[in-house]
Each structure stands twice: as C-alpha cells, then as structure tokens.
Amino acid sequence: MTSTAMRPRGTRARAAIAARTLRTDRWWLAPLLTVVGLTAWVAYATVRVFMHKWYWVESYHYLTPFYSPCVTDRCVEGASHFGRFLPGWWIVPDAALTLPFLLLFRLTCYYYRKAYYRSFWLSPPACAVPDGHTTYSGETRFPLLGQNLHRYFFYAAAIISLINTWDAILAFHSPKGFGFGLGNIILLGNVVMLWAYTISCHSCRHIIGGRLKHFSTSPVRYRAWTFVSKLNVRHMQLAWITLGTLALTDFYVMAVAAEWIDDLRFIN
Amino acid sequence: MGDNGSPAGKPGAKRRFRIWRGDENGGDLRDYTVEVNEGEVVLDVIHRLQATDAPDLACRWNCKAGKCGSCSMEINGKPRLSCMTRMSTFTEDETVTVTPLRTFPVIRDLVTDVSFNYEKARETPAFAPPEGVAPGDYRMQQVDVERSQEFRKCIECFLCQNVCHVIRDHEENKPAFSGPRYFIRAAELDMHPLDARTDRREYAQAEQGLGFCNITKCCTEVCPEHIKITDNAIIPMKERVVDRRYDPLVWLGSKIFRRGQEPQSTAGSAGKESVVHSGVRQVGVHSHGGGSGDPSAEVQAQKGVNWHREVPHPTAPAVDASGKLPLTELTFDRAAAPSPFGDDVTFPLPPEHLNFAHPSQDEKH
C-alpha cells in the first residue's frame with residue numbers, strides 16, 4: 001500500500017504574497033474623505049459650541065440646535081425652555097444636557113463606527129487592505145464594549161428630536177405674531193432629517209420589531225419594522241445629510257443673529 | 001471599455017495576467033499573456049491558460065454560474081468569484097492579478113484549504129426541532145421565515161470569511177472567531193420560527209466571537225449573493241445580545257416580571273450553562289460533537305449538546321508516496337477519488353457522534 005491517511009498538520013502556511021494589497025482602485029479615497037468630512041464638522045461644531053453667542057434670533061425665535069435647550073445662566077430667556085440652572089463657565093456648553101448624548105448617539109452609531117474604524121483607526125482602512133494594528137480584540141472589551149449602550153443614546157436622541165421639533169414650531173414667529181421665513185424652512189428641514197436619521201437607527205429597527213421571532217403575531221410592529229427597515233438602508237446617507245443640515249441650520253441662525261444677512265421673510 | 005474606445009475582449013485580443021504560482025513552501029506572481037474573447041470571464045481565461053501555457057495551474061471550480069461557491073480567488077486584490085468577474089470590467093491595457101484567498105492556508109496555486117470554515121460549521125449547533133411537533137407537521141408563515149430565507153441564499157464561497165480582517169490580518173483570532181458566514185447561520189436559526197433553542201445569542205457572543213466584529217461591512221461588500229450580512233444578521237444579533245446582557249432595563253424587567261424565562265428545550269438547557277460560563281477554549285480543540293472519550297461529557301451529551309466535547313480530528317484524504325494528492329487515479333492504488341473525509345471515516349457516522357439532540361430522545365432512553 002503506497003498511501004497513508006494523514007492527520008492534518010497544525011497551522012499551515014498561507015500563500016506567500018509579498019504585496020500588502022494588490023488592489024488597483026482608489027481604495028484610500030473613501031477613508032480620506034471620511035477623515036476630512038468628520039474632522040471639518042467636529043472643528044466647526046467645537047468652535048460654535050464654545051462661542052456662546054449668535055445662537056438666538058430674538059425677532060423670529062430662531063434657536064440653533066447646538067444651543068437647544070439652553071440651560072446655563074448666561075442664556076437669553078427665549079432660548080431656555082427648561083430653566084437656567086447650570087453655571088456659565090466658558091467650558092460648559094450652553095446645551096450641556098443634550099450635546100453629550102447626541103455626541104454619544106453618533107459615536108456609538110453602527111454607521112459611524114464603520115466610518116471611523118475604517119478611516120481614523122485603519123481597522124481595516126478598506127476591504128482586503130491590511131489593518132494597521134498588530135493585535136485586535138474588536139468590541140470584546142472595555143472601552144469598546146460600551147458600544148453596546150447605543151440603544152440608550154437612541155432613546156435620548158429621540159427625546160432630543162422632540163425638543164428640536166418644539167424649537168422648529170416655536171420659530172413660526174415674528175414681532176407681529178405669526179411669521180414664516182427661509183429660516184423656518186431650514187429649521188424644519190433639519191428636524192425632518194434628524195427624525196429620519198434617528199428612526200433609521202439599527203437599535204430602533206431592533207426595538208420596533210426586529211427582536212420578534214414571529215412577525216405574524218404582531219402585524220402592526222411588522223409594518224413598523226418594514227418602514228424602519230426601508231429607512232435603515234439609507235442610514236449612512238442620513239448620517240451625512242444630518243451633519244450637513246445641522247451645520248447649515250446653525251450657520252444660518254448664526255448669520256442672521258450676527259446680522260450678517262437678513263432672513264428672507266415670506267409672511268411677516 | 002478600453003481607453004481607445006474599442007470593446008474590451010474583442011476576439012483574439014491578447015491580455016496580460018499575473019497569477020500566483022506556488023504552494024505552502026513559497027511561490028511568486030508569474031506573468032502570462034493570454035488570448036481573451038468577447039464575453040469571457042476570468043475563469044475562462046484561467047482555463048485557457050491551463051490548456052496552453054500552464055497545464056499544471058491548480059484552480060478549484062465547478063458550476064461556472066456563481067452558484068457553487070468554488071472558484072473564490074482574489075482578482076486585482078479583491079475577493080471575488082472568478083466565474084462572475086467579466087473581462088470587460090478591466091481596461092485592455094490592464095494587467096489582471098490573480099491570487100489565492102489570503103486568509104486560508106494555500107494548497108497549491110489558486111487552491112486553498114478552507115477547512116477552517118467546516119470546523120466552524122460543525123461547531124455551530126444545528127436546528128433544534130420544536131417539542132410536540134412531528135416532522136412533516138411543521139407549518140410556518142411566510143412573513144416569519146423570510147428573514148431566515150435571505151441567509152439560505154449563502155453559497156458558501158467563503159469570500160466573507162476571507163475578507164474579514166478579524167482573521168485575515170490576525171491569524172491568532174481564528175480559534176475564537178467563527179466569521180460572518182456563521183453569524184448569518186446563527187441569525188438564521190435565531191430568527192427561525194420553529195427553532196427551539198433559546199440560547200443562540202449567548203452562543204454567538206460567548207463561543208462564536210460576535211464581539212470581535214467591528215461592523216466595517218467588508219463581508220457585505222464582497223457577498224456575491226448580495227446578502228446584507230452586516231445589517232440583517234450581525235447587527236440584529238448584536239442587538240439581541242444587548243437585550244440579554246447589556247440592557248439593565250431588560251434585566252430589571254426580567255427579574256421583576258420574570259419575563260423572557262420561558263422554559264427551554266432539552267437541547268437548549270444543557271448548553272446554556274456551559275456557554276455563559278465558558279472560559280477561553282483551547283486552540284485547535286473542537287467544542288462539541290461527540291466521541292471525546294470523556295465519560296462525564298458523554299453523559300451530559302446524552303441530555304443534549306455539550307459544546308465542549310472534543311470532536312475526533314478529521315483526517316485528510318489519502319496521499320501517495322510523495323505526500324501529495326494523486327493527479328490521476330491511474331497512478332493511484334485505488335479506484336475513484338480519495339474520500340475528502342479520510343479513508344478511516346465511514347458513513348453513516350454513529351448517531352451519538354452527531355451534534356443533534358431530539359427533544360424526545362430522553363423518552364426513548
């Protein structure tokens with residue numbers, strides 16, 4: 001008998017391919033754009049949050065989402081729905097109750113995780129491109145284990161979206177009573193997009209119906225899950241659109257408040 | 001389309017290829033110039049190379065229709081099915097580089113040893129039949145099964161397993177990480193309306209290494225069946241784990257209202273204890289399956305599936321005197337191809353070695 005049945009050996013060698021990646025397309029472009037986009041947005045938001053001015057247009061009751069609700073003792077009265085109970089040190093953001101939760105909601109978002117793991121952490125920078133680390137434990141231990149708290153920040157973000165909606169409704173105002181201008185369209189558009197982003201969240205999709213084993217026994221939740229699933233496909237686009245609408249809304253309110261431009265009024 | 005506007009792959013056009021040739025002892029990229037005709041795919045070109053310049057080029061293939069999952073390789077650095085990669089997607093002056101899958105040990109040329117995936121498949125607990133429903137009486141509504149059905153489209157090409165950086169870039173994670181293909185298997189069964197196990201999410205977290213996934217979505221990008229692996233399987237499984245393990249409200253609710261403590265199937269109850277308290281597994285030891293020779297584990301196995309039993313190691317097929325598979329059975333000492341399971345494995349396997357526990361098996365004993 002010339003043959004033997006052999007046991008598989010231990011670890012066998014992979015193909016010895018010298019090049020770290022053989023991809024010929026521009027795989028580095030997407031992570032690069034992500035780094036540029038997120039860095040620019042965070043820089044703008046940081047400057048605005050610690051500026052402590054130009055967040056409120058008294059005549060039209062426009063309030064930027066970066067200062068909603070305003071809770072420090074330096075806030076103007078119209079901007080503070082929930083009182084002014086925090087000290088007005090410059091390091092305390094005026095929306096200190098909401099901004100940390102919004103930041104954590106986006107930081108633990110399943111889309112943003114993909115975006116920053118790929119672009120900032122290079123783990124991996126692109127598919128079939130080696131990651132930049134010698135060891136890897138993923139989200140199995142602290143601090144990345146904390147990503148599992150995403151659904152709590154989703155609950156917080158849903159409440160904050162309600163507050164932003166209230167702000168957008170209060171903004172239908174002019175010195176003569178009811179009023180309506182370009183700023184209202186921008187505020188409303190921002191709120192609609194914020195709701196779309198918040199509802200399209202993967203945690204929301206799970207809570208609303210994804211956790212069920214039998215859809216047939218919960219037809220209403222099944223329909224809600226189907227709706228959220230359709231939005232969920234666009235979660236990445238909504239994540240970027242809302243960054244854009246937030247910055248645009250804030251910039252518009254700042255420009256009107258600082259009197260760089262006049263609000264385009266349609267009614268009053 | 002090429003730069004000069006002529007259709008790529010026009011009859012008789014010569015195109016440049018670089019193909020990795022070698023085995024576990026080393027190898028390199030070799031240049032070939034080969035004829036490409038209109039409408040051809042990369043696998044056609046590899047077959048033409050086998051017929052002309054490189055008759056000993058090894059490559060695995062079967063259906064040429066993107067449904068068998070055999071011809072996985074890396075084309076210009078991207079994991080793809082070669083039978084589904086059209087030559088018209090490359091420009092005429094482009095050199096096409098073809099290499100074997102990087103994540104698995106190479107056997108020869110473009111053929112890799114993907115047995116890692118079969119080991120992980122054996123470790124994944126099978127469908128657990130519901131109690132009190134005889135086979136043949138299973139009835140399910142379409143809305144209940146359609147989520148699981150998406151994952152049944154999997155053709156097991158293992159492109160997702162290959163591209164996943166958790167094991168592609170970190171070989172040491174292989175024992176602890178099952179990979180995207182087995183996360184969709186876990187999700188398929190956890191979402192299955194008739195599956196009786198209630199501990200699949202704990203299993204996915206503690207034994208399959210779900211936490212290693214950082215949802216960078218490469219598995220979804222390479223899937224030739226377009227299964228939304230990350231959005232529809234991995235993230236829902238992560239959320240289901242959060243339900244059980246990281247959600248203090250759910251924990252409190254289950255303590256106060258005793259929710260979520262439904263009686264478990266025979267198969268589930270034996271496994272649950274072991275999975276939640278399991279420590280680090282030994283490298284290379286299969287977690288369950290039977291035949292371990294450990295009497296206490298076997299007794300426990302009679303009551304259900306013990307995920308920590310050691311599986312007898314599979315044997316590789318018989319080889320000839322040079323230690324390699326015979327190229328043809330004419331030069332071999334037996335008729336037909338050698339068994340991929342090894343000559344010392346006979347079928348059917350003894351039932352006590354199978355990873356399956358019927359809910360009513362206790363009644364028979």
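A polar contact here is a pair of N or O atoms within 3.5 Å, where one must be able to donate a hydrogen and the other to accept it. Keep that cut-off in mind for A:Asp131, whose side chain makes a polar contact of 2.9 Å with the side chain of B:His170. One caveat up front: this is a predicted model.

**A buried acid facing chain B**

Let's stay with A:Asp131 for a bit. You'll find it in the loop between α3 (110-119) and α4 (150-170) of chain A. Besides B:His170, a second histidine joins in: the side chains of A:Asp131 and B:His165 share a polar contact of 3.3 Å.

Which side chain of opposite charge is nearest to A:Asp131? That would be A:Arg20, 6.8 Å away, and A:Asp131 is left buried with no salt bridge. Since a salt bridge calls for a side-chain nitrogen of Lys or Arg within 4 Å of a carboxyl oxygen, the two histidines don't enter that tally; His is not counted as charged here. Leaving out neighbours within four places in sequence, the contacts of A:Asp131 come from both chains: A:Arg20, A:Leu122, A:Ser123, A:Pro124, A:Pro125 and A:Tyr136 on one side, and B:His165, B:Asp169 and B:His170 on the other.

**An arginine that also reaches across**

A:Arg118 sits in helix α3 of chain A and counts as buried, at 12% relative accessibility. Its side chain has a polar contact of 3.0 Å with that of B:Glu221. Setting aside residues up to four places away in sequence, A:Arg118 touches A:Pro31, A:Ser123, A:Pro124, A:Pro125 and A:Cys127, plus B:Thr216, B:Lys217, B:Cys218 and B:Glu221. So A:Ser123, A:Pro124 and A:Pro125 turn up in the contacts of A:Asp131 and in those of A:Arg118.

Here are the side-chain polar contacts mentioned so far.

| Chain A residue | Chain B residue | Polar contact |
|---|---|---|
| A:Asp131 | B:His170 | 2.9 Å |
| A:Asp131 | B:His165 | 3.3 Å |
| A:Arg118 | B:Glu221 | 3.0 Å |

**Chain A: layout and backbone details**

Chain A has eight helices and five strands, in the order β-α-β-β-α-α-α-β-α-α-α-α-β along the sequence. Of its 268 residues, 48% count as buried. Look at contacts in chain A between residues at least 6 apart in sequence, and 65% of them join residues at least 24 apart.

Two cis peptide bonds are worth checking if you plan to look at the backbone. One runs from A:Ser123 to A:Pro124, with omega near -5°; A:Pro124 is in the loop between α3 and α4, which also holds A:Asp131. The other goes from A:Ser68 to A:Pro69, with omega near -10°, and A:Pro69 is in the loop between β3 (62-63) and α2 (99-107).

Further along, A:His173 lies in the loop between α4 and β4 (180-181) and counts as partly exposed, at 23% relative accessibility. Not counting residues up to four places away in sequence, A:His173 touches A:Ser59, A:Tyr60, A:His61, A:Phe178, A:Gly179 and A:Arg265.

**The nonpolar cores**

Now for the greasy parts. The largest nonpolar core has 65 residues, and B:Phe17 and B:Val98 touch the most other members. Helix α9 (residues 229-246) of chain B gives the most to this core, with six residues. Where does the core lie with respect to the domains of chain B? Domain 1 (13-111) and domain 2 (114-364) both give residues to it, so it lies between them. Apart from this core lies another, of 20 residues, including A:Phe154, A:Tyr197, A:Ala239 and A:Leu243.

The contacts of B:Phe17 include B:Val98, B:Val42 and B:Val45. Those last two belong to the buried residues of helix α1 of chain B, as do B:Leu43, B:Asp44, B:Ile46, B:His47 and B:Leu49. With seven of its 10 residues buried, α1 (residues 42-51) is largely enclosed by the rest of the structure. Its cover includes β1 (13-23), β2 (26-36), β3 (72-75) and β5 (96-99) of chain B.

**Two positive phi angles in chain B**

B:Lys64, in the loop between α1 and β3, has phi near 60° and is partly exposed, at 38% relative accessible area. B:Asn76, in the loop between β3 and β4 (78-81), has a positive phi of about 50° but is buried, at 6%. Neither is a glycine.

Technical notes. Residues numbered from 1 in each chain as written. Chains lettered and ligands numbered in written order. Predicted model: local features only at pLDDT ≥ 70, side-chain atom pairs only at ≥ 80, totals over all residues. Heavy atoms only, no water. Helix = DSSP H or I, 4+ residues; strand = E, 2+ residues; numbered from the N terminus. Buried < 20%, exposed > 50% of the residue type's maximum accessible area, 1.4 Å probe, protein only. Contact = heavy atoms within 4.5 Å. Core = buried A, V, L, I, M, F, W, Y, C linked by side-chain atoms within 4.5 Å. Domains from an automatic or database assignment.
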